[in-house]
Amino acid sequence: MKKIGVFTSGGDSPGMNANVRAVARYCIEMGIEVVGIEDGFTGMIEGRIIPINRAWTAQIISQGGTVLKTSRCKEFMHIGGRSAAAAKLKEAGVQGLVACGGDGTFHGAHALWVEHQIPVVGTPGTIDNDLYGTDYTIGYDTAINTAAEAIDKIRDTAASHGRIFIIEVMGRHAGFIAMDVGIASGAEYVAVPETITNLDILYQKILEQGKNKRTIVIVGEGDEVGGATIFKQLLKEQYDVDAHIAILGHIQRGGSPTVRDRVLATRLGVAAVDALLEGKTDVMVGEINGDISYTSFEDTWTKRKPLHDYLIRLSDILA
Ligand code: F6P
């Protein structure tokens, strides 16, 4: 393989730049030309392919977001969009790709391999940690630390006023962020899509807080009841309880990556290039129990990574 392309796609996550840097520097070390594709699949369709050298990667390891930029590309969901992208890649002499993103990215990468035989290896880049085939995704550690810091601040003011706060964190389909930050911030109740939310139990927890009343409730945005706004409304309607809400939103996606995210991103970037050189394709590289793992793209979205039962029990017992 003489030329490898790297791109980031879908929702950005802290550590994507460290991942691109590792891919680029390792390729250069191995005597392979490396190019970056701007704006994910959108830039691929438009042929926005730029050369990357060592100097280009200087300073990016500590930067949040993605300097290659990203997109959620509707055109790539159609066969015509993918054909256009494949033609641009072939024209540029790209013989293999490293795709950093989540399940949407891997759907596109899988199609590129099946329809156009362009080898692609993925690296898990999403704050949600919801990809089967890796213990942690790139960006997750930064996101939970950002969220925990924000929640600690809300707790201060909640305690001062004796208020009930419902704090919504990201996680469209999974409650990893909610559960970890719930435990880390000593929340009284954590609502996640993996468990059935019981508002009567939540109300009991609020009552148990007694006179002080300070209650922290963490809601994962994918919870079956809804987001923080719905919780506030239901608490009022069903129990005559007044609560404040805070939706942490995209603050969780930004910021300089933590050391853990930088190291994971670096290790997986190198592993992705090695995988391509070994002839692997249509797989995501991940880290399971400290070892590099390979999971077919299809398994990353068809198999569900479970939220460990012991975490759910811990949050119940210690709340
Ligand atoms: O990156 C994953 C995620 O943060 C989800 O938790 C969230 O629902 C979604 O992205 C929102 O992304 P966007 O605003 O880019 O559509």
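Me: Hi! How many helices and strands does the protein have?
Reply: Hello! The protein has 12 helices and 11 strands, taken as DSSP runs numbered from the N terminus (H or I with at least four residues for helices, E with at least two for strands). This is a predicted model, where local features need pLDDT of at least 70, side-chain atom pairs count only at pLDDT 80 or more, and totals for chains, interfaces and linings use all residues. Residues are numbered from 1 along each chain as its sequence is written, and side-chain values use heavy atoms, with hydrogens and water left out.

Me: Thanks! What is the radius of gyration of the protein?
Reply: The radius of gyration is 21 Å, close to the 20 Å that the globule rule gives for 319 residues, so the protein is as compact as a globular protein of that length. The radius is taken over C-alpha atoms, and the rule is 2.2 Å times the number of residues to the power 0.38.

Me: And what box do the C-alpha atoms fill?
Reply: Roughly 70 × 35 × 35 Å, along the principal axes.

Me: Switching topic: how many disulfides does a search of the whole structure find?
Reply: The search finds 0, with a disulfide being a pair of cysteine sulfur atoms within 2.5 Å. Cys 27 is in none, and the nearest cysteine sulfur, in Cys 100, is 14 Å away.

Me: Is Cys 100 buried or exposed?
Reply: Buried, at 0% relative accessibility. Cys 27 is buried too, with a relative accessible area of 0%. Buried means under 20% relative accessible area, exposed over 50%, and partly exposed in between (1.4 Å probe, protein chains only).
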